[in-house]
Amino acid sequence: MPLPVIAEQRAKGWPDLHPEDFCHRCGHRNLSWYVDSALWVEAWAQAEPGIQSVLCPQCFAELWEKATGLRITWELRLDTAVLLSRLRRALAECSR
Ligand SMILES: [Zn+2]
């Protein structure tokens, strides 16, 4: 999602985006990510009233650290679709 589109959508009240495309706490771009539900519940307990349950990783980390007093570090993983695409490309190159 290009940043100008995010700014335009934010100004309009997000009419043309999927609800999970942006963080409902900070309003920034959200990406595909997941976390264990027990950790989510701990963080969510710290969320400000009125926020819908879509958080970006940064907001999740802030809330979880506030809830637990512990710090988070991130591990980057490629999306399965990206891995499959790269594998197919490598196999195609090997078969030439
Ligand atoms: Zn956020």
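These legends walk through a few close-up views of a predicted model.

**View 1. How sure the predictor is along the chain.**
Residues are numbered from 1 along each chain as its sequence is written. As this is a predicted model, local features need pLDDT of at least 70 and side-chain atom pairs count only at pLDDT 80 or more, while totals for chains, interfaces and linings use all residues. The average pLDDT (the predictor's confidence in each residue, from 0 to 100) is 88 for the chain, and 99% of the residues score at least 70. Helix α1 has the lowest confidence, with a mean of 80, and helix α3 (residues 57-68) the highest, at 95. Helices here are DSSP runs (H or I, at least four residues), numbered from the N terminus.

**View 2. Helix α1 and what comes just after.**
Helix α1 spans residues 3-12 and is hardly covered: of its 10 residues, 0 are buried (20 or more other C-beta atoms within 10 Å of a residue's own, with C-beta atoms placed from the backbone). E8 sits in this helix. Why is E8 exposed? E8 counts as exposed (12 or fewer neighbours) because it has 11 C-beta neighbours inside 10 Å. Just after α1, G13 takes a positive phi of about 90 degrees.

**View 3. Where α2 meets α3.**
Helix α2 (residues 37-44) packs against α3 at about 80 degrees, with the axes (lines fitted to C-alpha atoms over the stretch in contact) 7 Å apart. So α2 is roughly perpendicular to α3 (65 to 115 degrees). L39, E42 and A43 of α2 make the contact (C-beta atoms within 7 Å) with F60, L63, W64, A67 and T68 of α3.

Technical notes. Helices (H or I, at least four residues) and strands (E, at least two) are DSSP runs, numbered from the N terminus. Axes are lines fitted to C-alpha atoms, for helices over the stretch in contact, and angles run from 0 to 180 degrees between N-to-C directions. Angles under 35 degrees count as roughly parallel, over 145 as roughly antiparallel, 65 to 115 as roughly perpendicular and the rest as oblique. Two residues are in contact if their C-beta atoms, placed from the backbone, lie within 7 Å.
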